[in-house]
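Work through the exercises below with the coordinates open. Each task is followed by a solution in short steps.

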Amino acid sequence: MSSMAKRIRTRSGMAIAALGVVLGLGEPARSAIAEENPEQPASSHATLDARQQAIVPIAAFAAAGDIARLNGALEQGLDLGMSVSDAREVLVQLYAYAGFPRSLNALSELMRVVEARKARGIEDAPGREPSQPVPKGDALLAAGRANQTRLAGAVVEGPLFDFAPVANEYLRAHLFGAIFERDNLDWQSRELATLSMLAALPGAEAQLQAHMRMSMNIGVSAAQLRQLSEVLGERVTAEAAERAQQALQRQLSP
């Protein structure tokens with residue numbers, strides 16, 4: 001462990017950053033997090049359902065900017081029962097990990113797919129909108145801090161955010177606040193999407209590792225994460241699958 005990682009671990013016990021740079025990894029507090037998030041119950045399933053599996057290639061191809069293959073993944077996802085809202089939320093969330101250009105391009109492709117399906121007589125389920133407005137101002141930042149802490153298992157802090165505190169403020173306000181406060185897509189689905197996005201992006205291994213921890217903190221099982229790697233290998237690329245497998249192995253190592 002590097003000297004920086006040692007200092008960070010001392011400060012927070014489990015401090016990690018979720019989008020920028022991993023600050024350190026500690027033991028998860030899964031049961032406590034499940035109790036604090038009754039709306040995100042720990043999964044009792046050993047496998048990903050069809051809808052969850054459909055999220056994987058959609059998120060990965062969108063992150064990679066592979067619009068041609070995203071088209072097929074969106075078609076299959078909608079055929080398997082994903083709502084338009086499910087797919088749209090995944091692609092909006094993409095901006096936090098791969099930038100607005102790829103998010104907007106992917107959303108444009110979803111719009112084209114839905115319109116083409118409608119022209120063929122296919123009426124996809126619209127899905128639902130968030131049950132309440134996203135908070136604004138200081139309330140949004142507070143909500144984002146709380147959500148980030150629950151996902152990470154500890155308050156996320158450390159030398160990086162001492163050096164660039166605005167980065168953590170953006171994480172809390174935009175990602176963990178404005179996005180994670182939208183309850184029309186559950187947190188487990190959001191994390192499965194995030195893992196798929198990061199696995200498709202070479203050079204994002206540190207963030208992928210952090211989100212393996214977060215996924216398990218909110219009840220995604222090791223068996224489900226192994227299956228996510230299998231879906232990446234079967235439907236995306238062997239390289240993406242290998243990155244996910246390695247991150248999970250490191251997470252599970254004592």
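**Exercise 1. Leu232 and the core**

Task: List the residues that Leu232 contacts, leaving aside its neighbours within four places in sequence. Then place Leu232 in the nonpolar core.

Solution:
- Step 1. This is a predicted model. Apply the contact cut-off, heavy atoms within 4.5 Å.
- Step 2. Leu232 is in contact with Val56, Ala60, Ala199, Thr237, Ala240, Ala241 and Ala244 once neighbours within four places in sequence are set aside.
- Step 3. The largest nonpolar core holds 63 residues. Val90 and Leu232 have the most contacts inside that core.
- Step 4. Helix α3, residues 50-64, gives the most to this core, namely nine residues.
- Step 5. Nonpolar side chains in soluble globular proteins tend to be buried together.

**Exercise 2. Confidence and fold**

Task: State how confident the prediction is along the chain. Then describe the secondary structure and the extent of burial.

Solution:
- Step 1. The average pLDDT of the chain is 87, and 82% of the residues score at least 70.
- Step 2. Residues 1-44 have a pLDDT below 50. Beyond near neighbours in sequence, that stretch still has 97 contacts in the model.
- Step 3. Count the elements: 14 helices and zero strands.
- Step 4. The chain has 254 residues, and 49% of them are buried.
- Step 5. Take contacts between residues at least 6 apart in sequence: 75% of them join residues at least 24 apart.
- Step 6. The chain exposes about 11,300 Å², with 56% supplied by carbon and sulfur atoms.

**Exercise 3. Leu192 and Gln224**

Task: Which helix holds Leu192, and which helix holds Gln224? Decide for each residue whether it is buried or exposed.

Solution:
- Step 1. Leu192 sits in helix α11, residues 187-199. Gln224 sits in helix α13, residues 222-235.
- Step 2. The relative accessibility of Leu192 is 1%, so Leu192 counts as buried.
- Step 3. The relative accessible area of Gln224 is 2%, so Gln224 is buried.
- Step 4. Leaving aside neighbours within four places in sequence, Leu192 is in contact with Leu48, Gln52, Ile55, Val220 and Leu228.
- Step 5. Check a C-alpha distance: Leu192 and Leu225 are 33 residues apart in sequence and 8.4 Å apart in space.
- Step 6. Now check Gln224 against Leu48. They are 176 residues apart along the chain, yet their C-alpha atoms are separated by 5.7 Å.

**Exercise 4. Helix α12**

Task: Test the length of helix α12 against the expected span. Then ask how many of its residues are buried.

Solution:
- Step 1. Helix α12 covers residues 205-217, which is 13 residues.
- Step 2. The span is 1.5 Å times one less than the number of residues. For α12 this predicts 18 Å.
- Step 3. The end C-alpha atoms of α12 are 18 Å apart, so the span agrees.
- Step 4. α12 is mostly covered, with 11 of its 13 residues buried. Among them are Leu208, His211, Arg213 and Asn217.
- Step 5. Gly219 follows α12 and has a positive phi, near 100 degrees.

**Exercise 5. Buried polar residues**

Task: Find the helix of Ser85, of Ser103 and of Gln148. Then identify the side-chain polar contacts of Ser85 and Gln148.

Solution:
- Step 1. Ser85 lies in helix α5, residues 84-93. With 1% relative accessibility, Ser85 counts as buried.
- Step 2. Outside the residues up to four places away in sequence, Ser85 touches Pro126, Gly127, Arg128 and Asn184. The side chains of Ser85 and Asn184 are joined by a polar contact of 3.2 Å.
- Step 3. Ser103 belongs to helix α7, residues 100-119. Its relative accessible area is 2%, so Ser103 is buried.
- Step 4. Beyond its neighbours within four places in sequence, Ser103 is in contact with Leu91, Val92, Leu94 and Tyr95.
- Step 5. Gln148 is in helix α8, residues 137-152. Its relative accessible area is 0%, so Gln148 is buried too.
- Step 6. Not counting residues up to four places away in sequence, Gln148 touches Val156, Asn168, Leu171, Arg172 and Phe176. A polar contact of 3.0 Å links the side chains of Gln148 and Asn168.
- Step 7. The C-alpha atoms of Gln148 and Leu171 are separated by 8.4 Å, at 23 residues apart along the chain.

Terms used. Residues are numbered from 1 along each chain as its sequence is written. This is a predicted model: local features need pLDDT of at least 70, side-chain atom pairs count only at pLDDT 80 or more; totals for chains, interfaces and linings use all residues. Side-chain values use heavy atoms; hydrogens and water are left out. pLDDT is the predictor's confidence in each residue, from 0 to 100. Helices (H or I, at least four residues) and strands (E, at least two) are DSSP runs, numbered from the N terminus. Buried means under 20% relative accessible area, exposed over 50%, partly exposed in between (1.4 Å probe, protein chains only). A polar contact is a pair of N or O atoms within 3.5 Å; within protein, one must be able to donate a hydrogen and the other to accept it, and residues adjacent in sequence count only if both atoms are side-chain atoms. A nonpolar core is a set of buried Ala, Val, Leu, Ile, Met, Phe, Trp, Tyr and Cys residues joined through side-chain atoms within 4.5 Å. Accessible areas come from the Shrake-Rupley method with a 1.4 Å probe; for residues, only the protein chains shown count as cover.
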